[in-house]
Amino acid sequence: MPAAFAPTETWPPPVSTGPPGTSLPTETSPPPMSAASPGASLPTGSTAPPAASAPPGTGPSPEASVSLGTGPSPGGSARPESPSRPESARRQPVRRRLFLGLAAGAAVAAAGGAAAVLLPGKADSARGAAALPSATGLGSSPPATVPAPPPVVPHAPLPAPTGRKGVLDGPAAATSWTAKASGPITDVAVHGGSVIATGKNGRDAFDAGAGRPRWTLPLTGGWSDAGRVAGDDRVVYLTGTEAVGGQDVLSAVQPGTGRELWTLPLPRPLWTPTGVAGVVDDIAFVTGRGITDSTAGSSFAFVWAVDVRTRTGVWETAGADVGGLFVPPRGPNLLLHGDPDRGSDGRLVTLDATRGGARGWTIDVPPVSTQGYVPVTRPPIPVCWTVGGFVHCADRVRLVEPDRGRQVWDFPAATAGETFTDCASNTDGDTVFATTRTTLYCLDARKGTLRWRSSLPGGSASRPTFETRGPVVRYDFGNVYVADGDGTLWAVEASTGTTRWKHPFPVQSPGDRTEPILTAAAGVVVIGYGFGLTTIDAAG
């Protein structure tokens, strides 16, 4: 590994420029978790929070203010006043607002069955500056006001690339800025003009343009918490353990200022969150792990759906098939990736978000363990969303219908026996980008046909070692980014396959559990590794 990318506090180098679930009856208080098992009923309950909220993150406080009474996203799709929409209306596969965490992560599950729980209609205990209006209009408070976030400057159009087509080869890009986080980085997200780094010591936010520190929030993670963040430029949702009191919570934070708007304790005392997989129609999907028996150390994984307007738990589900959770931008089906540590890594399972997380179709795919690598922070089966449904990659790239799980098309690698290591889609969902260790492919999402491909310099068709991973792919702002696993990050014009630029990328050493994080959003590319952040502009 080059010394510059060693996973220590010295990286980055300084620069001069800147089975189906079952609905169960609810109860007013939960029994001890030691009496439950992964396949047993999980009665519902909630815990009361302390009287005072956790200290907000520090940062600038502009004098302008904005109302919070209309929900977390201005101009978003309106929600009906009733929290229990008619089933026929809730199941319409309409386009929905989607706020996704930009760095991949996975909740790890234990062996056992699955259980789904519908939570009570009353609001969970929450705290914050002021309560948002309830879905029924009862018990609502006057809208709170918080400082308006700093303005987000749109990125200028990108110039024409000057690199080659057909092979990744282009000019070197300049580093925009580097910064040091307060702890080893497990997730990076870009929202509201802030680069938000998650680590074991909390969240650190930096100005996306200049790299200046904006705020720090001492909301730490636990277990193998990747700390995924989901939201938009106005509000982000994150999980962690409060520094004061040690309570595990879901928190709403203004990304530009770091102001904590409200927190909501997890519904069970022995549940530990691992992040927010996405927010759709004002429903946040929280992933995490719970302890069945604290003396035996047995555990399971869960998904907790929360209405962020009313701060109410909607439903929860747990089981051995709960691993990575993918939240698509439309339709009721969420996608579980399985768990590489428990033998379910070769399976995809859908959850119906409108029916309490009830299980739907299941597809068996080639397990990760036979692909020759074990991801650390990425889901065990790489997936993305297109106009036709879910795309997943393993020995081939496959498109499956979201409602029935029927395969629409598949695409093999040019080299026999080669494995796809990651995939991504463009904003419109009509193009899929997938990579092997030797080639980056651009596919038509509707037909599964090849549009263009580029060779990765130095790529080998041999499978990665057991402790390392293959290339990763991201898409943003007209560029597709591929980190080749050999120390180079490439930016390629998505429409033509022409190389735009290259930049050094950390190389993960065999046995190193610290994995580089790659995020691209709003025209900013961010590399997180160890304590360090490095950013590159989309134009290079």
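Modeller: Before we start, one definition: a strand here is a DSSP run of type E with at least two residues, numbered from the N terminus. The model we are looking at is a predicted one.

Colleague: Thanks! Then how many strands does the chain have?

Modeller: The secondary structure includes one helix. Beside that helix, the count of strands comes to 38.

Colleague: And what share of the 540 residues is buried?

Modeller: Let's start from the outside: the chain exposes about 20000 Å², and carbon and sulfur atoms supply 54% of that area. For the residues themselves, buried means under 20% relative accessible area. By that cut-off, the buried share of the 540 residues is 58%.

Colleague: Let's turn to the loops. Which residue between strand 18 and strand 19 has a positive phi although it is not a glycine?

Modeller: Most residues other than glycine have a negative phi. Strand 18 covers 298–307 and strand 19 covers 312–319, with a loop between them. The residue in that loop with a positive phi of about 55° is Arg311.

Colleague: Does Arg311 count as buried or exposed?

Modeller: The cut-off for buried is under 20% relative accessible area. Arg311 has a relative accessibility of 6%, so it counts as buried.

Colleague: Asp281 has a positive phi too, I believe. Where does Asp281 lie?

Modeller: Its phi is about 50°, and Asp281 is not a glycine. At 11% relative accessibility, Asp281 counts as buried. As for its place in the chain, Asp281 lies in the loop between strand 16 (271–280) and strand 17 (283–293).

Colleague: Now the hairpin of strand 14 and strand 15: which residue in its turn has a positive phi?

Modeller: Strand 14 (residues 248–253) and strand 15 run antiparallel and are joined by five bridges. Six residues lie between the two strands of this hairpin. In that turn, the residue with a positive phi of about 80° is Gly258.

Colleague: Which residue of strand 15 stands opposite Leu250?

Modeller: Strand 15 spans residues 260–265, and six of its six residues are buried, so the strand is largely enclosed by the rest of the structure. Opposite Leu250 in this strand stands Leu264.

Colleague: Moving along the chain, which strands are the edges of the open sheet with the order 24-25-26-27?

Modeller: This sheet has four strands with antiparallel pairing. Its neighbouring strands are turned by 20° against each other on average, direction ignored. An edge strand pairs on one side only, and that describes strand 24 (383–386) and strand 27 (407–412).

Colleague: What is the bridge partner of Val383 in strand 25?

Modeller: Strand 24 and strand 25 (residues 389–393) run antiparallel, and four bridges join them. Across in strand 25, Val383 has as its bridge partner His392.

Colleague: On to charges: which residue forms a salt bridge with Arg396?

Modeller: The chain has 11 salt bridges. Arg396 takes part in one of them, at 3.3 Å, N to O. The pair links strand 26 (residues 396–400) to strand 27, 14 residues apart. Arg396, partly exposed at 30% relative accessibility, meets a partner that is partly exposed at 31%, namely Asp410.

Colleague: Which residues are linked with Glu401 in a network of salt bridges?

Modeller: Glu401 meets the side chain of Arg404 in a salt bridge (3.0 Å, N to O). Their surroundings can be set side by side: Glu401 is buried, with a relative accessible area of 17%, whereas Arg404 counts as exposed at 58%. In the network, Glu401 is linked with Arg404 and Arg406.

Colleague: How many residues apart are Asp422 and Arg474?

Modeller: These two form a salt bridge, with the closest N and O atoms 3.2 Å apart. Asp422 is buried with a relative accessible area of 6%, and Arg474 is buried with 16%. The pair links distant parts of the chain, strand 28 (residues 422–425) and strand 32 (residues 472–476), and the separation in residues is 52.

Colleague: One last item: how far apart in space are Val190 and Ala205?

Modeller: Val190 lies in strand 7 (residues 185–191) and is buried, with a relative accessible area of 7%. In sequence, Val190 and Ala205 are 15 residues apart. In space, C-alpha to C-alpha, the distance between them is 9.2 Å.

How values were computed:
Residues are numbered from 1 along each chain as its sequence is written. This is a predicted model: local features need pLDDT of at least 70, side-chain atom pairs count only at pLDDT 80 or more; totals for chains, interfaces and linings use all residues. Side-chain values use heavy atoms; hydrogens and water are left out. Two strands pair if DSSP finds at least two bridges between them. Axes are lines fitted to C-alpha atoms, for helices over the stretch in contact, and angles run from 0 to 180 degrees between N-to-C directions. Buried means under 20% relative accessible area, exposed over 50%, partly exposed in between (1.4 Å probe, protein chains only). Accessible areas come from the Shrake-Rupley method with a 1.4 Å probe; for residues, only the protein chains shown count as cover. A salt bridge is a side-chain nitrogen of Lys or Arg within 4 Å of a carboxyl oxygen of Asp or Glu.
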